[in-house]
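Please open the model in your viewer and keep the selection panel at hand. Each stop on this tour tells you what to select and what you will find there.

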Amino acid sequence: MSETARPIDILLPVFEKGKLTHVLPSAYKADGMIFAVAASPEIPMPEQWMPWLIQSSSSALVDKDVDALADVLMNNLRAHLQCMTDEKPLMPSRCVYSEGDATVEPASAIPAELAQWLEGLLYVHQQLEDVWQQAWEKFSAKDAMREDINDSDTPEKRLSRCLKLFTTLANVELALQYRNPSQAQQLKANLPLLWKQLPAMIQDYIDLAGELSAALPNQFETFTKTS
């Protein structure tokens, strides 16, 4: 990938051509899903996570279509892993806040592309909760020995902060419904600030997965060595 390329650039040509798109979610949701696979403490094998992206069980797909789709999805996964390794931007550029994005209406303040990306991330995180939990349990015994961690820095608190922000930005209208009028007004006012915080929260999500992965067999090289 070039310096300005993002992992989603691997998926977009598939959607532009129209072929295979009937079996996939939107490009942004698919990219968010694969990001969450890449950021898992233990990366699941392709036969586990690829079916999560398939929306249609249509038998119209021929073998070569299936192979082509698998190649695109694996290349997207490798691109996410490479961006994590190189500490390069991995969110689609449309999902990154810019000063021109501030609008009056809260629903339109967060673009549909970002909501879809986060929706995909959250869906896969839910599928991988057991993996996170297993890593957590193995990590906890070692972590309990440390005295340099305060309550706000515990893995539980960090993950909770990340998921809370992801969930809020993934569906602003729903988040507003769960708040009283005063809280809803405050959320509307804070949306630009919350969006600005997203890259840091994404990085903490990645860092947390990396810390927890030390307690599990590491498959990282399996997927990056051919990128």
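Select Glu211 to begin, and bear in mind that you are looking at a predicted model; if residues up to four places away in sequence are set aside, Glu211 touches Phe139 and Arg158. Glu211 itself belongs to helix H10, whereas Phe139 is 72 residues away along the chain, although the C-alpha atoms of the two are separated by 8.3 Å. Is Glu211 buried, exposed or partly exposed? Its relative accessible area is 33%, and because buried means under 20% and exposed over 50%, Glu211 counts as partly exposed.

Now add Arg158 to the selection and show the side chains. Side chains of opposite charge can pair when their charged atoms come close. Here the side chains of Arg158 and Glu211 meet in a salt bridge, with 2.9 Å from N to O. Arg158 lies in helix H8 and Glu211 in helix H10, so this pair ties together parts of the chain that are 53 residues apart in sequence. In contrast to the partly exposed Glu211, Arg158 is buried, with a relative accessible area of 10%. Which residues does the network of salt bridges around Arg158 join? Through shared partners, Arg158, Asp204 and Glu211 are joined into one network.

Select Asp204 next, to see the other part of that network. Arg158 forms a salt bridge with Asp204 as well, and the closest N and O atoms are 2.9 Å apart. Because Arg158 sits in helix H8 (residues 155-170) and Asp204 in helix H10 (residues 181-213), the pair ties together parts that are 46 residues apart in sequence. Both Arg158 and Asp204 are buried.

Stay with helix H10 and move to Tyr205. Leaving aside neighbours within four places in sequence, Tyr205 is in contact with Phe35, Ala39, Leu121, His125, Trp132, Leu159, Cys162, Leu163 and Phe166. Tyr205 is also one of the residues with the most contacts inside the largest nonpolar core, a group that further includes Phe35, Trp49, Phe166, Leu198 and Ile202. That core has 69 residues, and its largest share, 13 residues, comes from H10.

From Phe35, you can go on to the helix that carries it. Select helix H2 (residues 27-38) together with helix H6 (residues 112-127), and you will find that their axes come within 7 Å and cross at roughly 40 degrees. The crossing in which H2 passes H6 is right-handed. Among the residues that meet here are Tyr28, Met33, Phe35 and Val37 in H2, and Glu113, Trp117, Leu121 and His125 in H6. What kinds of residues make up the contact of H2 with H6? They divide into nine nonpolar, four polar and four charged residues.

For the last stop, select Glu113 in H6 and then Arg94. Arg94 forms a salt bridge with Glu113, and the closest N and O atoms are 3.9 Å apart. The two come from distant parts of the chain, 19 residues apart, since Arg94 is in the loop between helix H4 (63-86) and helix H5 (106-109), while Glu113 is in helix H6. Arg94 is partly exposed, with a relative accessible area of 33%, and Glu113, at 25% relative accessibility, counts as partly exposed too. If you would like to continue by yourself, a search of the whole structure finds four salt bridges.

How values were computed
Residues are numbered from 1 along each chain as its sequence is written. This is a predicted model: local features need pLDDT of at least 70, side-chain atom pairs count only at pLDDT 80 or more; totals for chains, interfaces and linings use all residues. Side-chain values use heavy atoms; hydrogens and water are left out. Axes are lines fitted to C-alpha atoms, for helices over the stretch in contact, and angles run from 0 to 180 degrees between N-to-C directions. Helices (H or I, at least four residues) and strands (E, at least two) are DSSP runs, numbered from the N terminus. A crossing is left-handed if the near helix is turned anticlockwise from the far one by less than a right angle, and right-handed if clockwise. Contact means heavy atoms within 4.5 Å. Ala, Val, Leu, Ile, Met, Phe, Trp, Tyr, Cys and Pro count as nonpolar, Asp, Glu, Lys and Arg as charged, and the others, Gly among them, as polar. Buried means under 20% relative accessible area, exposed over 50%, partly exposed in between (1.4 Å probe, protein chains only). A nonpolar core is a set of buried Ala, Val, Leu, Ile, Met, Phe, Trp, Tyr and Cys residues joined through side-chain atoms within 4.5 Å.
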